[in-house]
Structure formats: structure tokens, C-alpha cells
Amino acid sequence: MDDTPAPFTEENYAARMTRAARDAAEARLTGLLITPGPDLAWLCGYRPTATTERLTLLVLTPGSEPRLLVPSLERPDAEAAPGADAVRISDWRDGQDPYSAATGLLLPNGRYGVSDTTWALHLLGLQEALPLTTYRPLTVVLPLLRAVKDAPEVARLASAAAAADAVYEEILSVRFTGRRESDVAADLAHLLRERGHSQVFTVVASGRNSADPHHRTGERTLKKGDMVILDFGGLKDGYASHLTRSVHVGEPAEEERTVHDLVRTAQQAAFEAVAPGATCQEIDGRARGLIEDAGYGEYAAERTGHGIGVTAHEPPYLVAREETFLVPGMCFSMGPGVRLPGRFGVRIADVVTCTADGGRRLDATDRGMAIVA
């Protein structure tokens, strides 16, 4: 069965750029300056084949046609992008000053939001060419630019989640005992690619490594009695998956099962709190409160989750003091956890979207503790 999603249309990209320009005006910005990275791909569908020192710049100004400045040798690629017909493309040639070429697209005293991936080289070049302009990072001035997904975007996230679910079900039949973390991670990466992922990430944290919040998959050999966190996903059709499950090699000890049940209950409580109008900190508080009540508060993960879309981590974040209100279309990787240093850790995460009626899980695979061989 072919699950390739319908491509986004020129109208989809035009609507995104129009909304972004409107959001810029509401944030009292002159406009937005977007360079290669996830914002550029999301707004107009252009993904340069290589990120180089040559300036590529999408300029969005309220009430004006979107403009895309590209190196001349890359213009054919830009013109082939799915949203190209919604922008006016101009180019500059090697030997010319790209920042002089950009000055005609900007106001000399403008205040611009700039994509986070902008090279310092380019930002400094623009400042030198237009010294009265000022710039602010998009995550500061428009942190929710990509936060609310439309139906086709949610469908892609659901497809990526289904692929990750299938990978998890398959990895449970793989032998863990006597193999290295890196071996299991390689299995996960292979299976993710087989299920249509173009980019993958895999973290396998076993034994005491499962209590390390920043563990990098290593060469430790898995053995009976290990708790193992499997944290994996990537990009499928341009949208992210992120699934986390905690499995056990052989039968778990009583506290290991107790902590796993606690994390699973906390994750369910956070999920049930998802609704339009709830705040991100309230979702975090639901999970964290249960963990604290059980006496494990000091060992709880720093946050319950984060936004997900064309990147695996993006605003808003399910964390204390984050007062952003949930609205339908927001999507999160939701995964509370408990880490007992030097002993073991547990984390369970699914991708969840907020709907008009509450939360909807995009990951459907079982969240109970699986016993692996």
C-alpha cells in the first residue's frame, strides 16, 4: 500500500507565507528574513541541495509579494520548488555583493525577524549594508510560527508515527542480550529507513545509562536485568516521528516495574489534560504532580514534552512557566520520565495533537513494559 501523501500545493505555501507576513505585522515587525532551513522549507518548499556560504534569502513583508533571492547557479533549483510560483525570484552572481542585491528588498530602517538558522556571516553582511536595520530571532518574536498544523500536516505526522510504531513492534523480536547499544540502534535506523524515513535518530540507553538524560548510544553490552530506553524517530515525507519506550531485558525488579507504571500513569494524565485553552505548563504539571506525589519529584525529567513538526523539537514546550495556550492543530512529543542516577531510568513518549475535542494520540503502540530477550 502506497502511503505517500499528496504534495503540498502552491496555494498551501502561499497561505503560509501570507499568514507569516501577517503574524510579523502583529508582532510589530517590518517583515521576516528566512534563510535555508526548516522555516524556508515550510514556507515555500525550497530546500537548497547544499547549504553554502552563498546568500539565499526569502523576504516576507506585509502587503507585498514574497521575494526570494538566490545565487544564480542555484536559481533552477529554486524555480523547481513546489512553492516557487508563489514567490518572485531574483538572483545574484558570484563576484557581485549579495548584500547589495538584498538591500533593494529591505527597508533601510526596518525591524526584521530572522530565522534561527541564519549564518552570522549573512546577518553581519546585511547589518553592514543597512546599518539602521535591526534583527530579532524568530524563536523570540514568532515562536509559534509553525506550531499550528493544518490537516495535511497532521496527516504526515500521523504517517510518520505509524511508521515508528511499526518499527517498535518489530524491534521487540530482536535479541538484546549480549549485543551492544549501537547494534540495537543500527537495527532501529535500518527499520526506520525501510518504513520510509529519510532522516533518522536513534538513542539506545541501557542499564545505568538509561538514567542519563543526555546519553549517546555507546558500546555497552546489554545484559539480563537491564532497563533499556529506546528513543527514536526522524523525518518521513518532511515531518517528524518521535517514539520513546522503556523495555526490560528479562523480568524487572519490583521498583523498576513501579517506576514504569508511574511514568505510564503520568503520561496518560498529561494526555488527558490536552484540550484547547489548557496551558503548556498545566500539561507538564499534571504529569509532574503525579511523579512528585509518588516521591520521585527530584528525579523527574526536566519537561514533559515539546512541539513537533518539520523538526523533531520546536516550540511550544510542555514545561513549567510556559503559559502558551493549546489550540487545535498543535502537535507535541509528550514524554514524562523518571531518572534514578546510577541505577535506571524510564521514559514513555508519543506524538499527540490537540483537537477541538481534546487530545489525539498519533502513536498507537502499547505503552506497557515490554520484556525482551
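How much area does the protein chain expose, and what share of it do carbon and sulfur atoms supply? About 16,300 Å² is exposed, and carbon and sulfur supply 50% of that. Keep in mind that this is a predicted model.

Now the overall shape. Along the principal axes, the C-alpha atoms fill a box of roughly 70 × 40 × 40 Å. The radius of gyration is 23 Å. A compact globule of 373 residues would come out near 21 Å, so the two agree.

Next, the secondary structure. The chain has 10 helices and 17 strands.

How about the packing? Of the 373 residues, 53% are buried. Then the contacts. Take those between residues at least 6 apart in sequence. Of these, 66% join residues at least 24 apart.

Charges next. There are 39 positive and 51 negative ones in the chain. The mean positions of the two sets lie 2 Å apart.

Let me finish with one residue, Arg288. Where does Arg288 sit? In helix H10, which covers residues 280-293. Is Arg288 buried or exposed? Buried: its relative accessible area is 18%, and the cut-off for buried is under 20%.

Which residues does Arg288 touch, leaving aside neighbours within four places in sequence? Its contacts are Ala300, Ala301, Glu302, Arg303 and Thr304. So, to put Arg288 together: a buried arginine, placed in helix H10, in contact with residues that include Glu302 and Arg303.

Note on methods
Residues are numbered from 1 along each chain as its sequence is written. This is a predicted model: local features need pLDDT of at least 70, side-chain atom pairs count only at pLDDT 80 or more; totals for chains, interfaces and linings use all residues. Side-chain values use heavy atoms; hydrogens and water are left out. Helices (H or I, at least four residues) and strands (E, at least two) are DSSP runs, numbered from the N terminus. The radius of gyration is taken over C-alpha atoms; the globule rule is 2.2 Å times the number of residues to the power 0.38. Buried means under 20% relative accessible area, exposed over 50%, partly exposed in between (1.4 Å probe, protein chains only). Contact means heavy atoms within 4.5 Å. Accessible areas come from the Shrake-Rupley method with a 1.4 Å probe; for residues, only the protein chains shown count as cover. Lys and Arg count as positive and Asp and Glu as negative; His and the chain ends are not counted. The place of a charge is taken as NZ of Lys, CZ of Arg, CG of Asp or CD of Glu.
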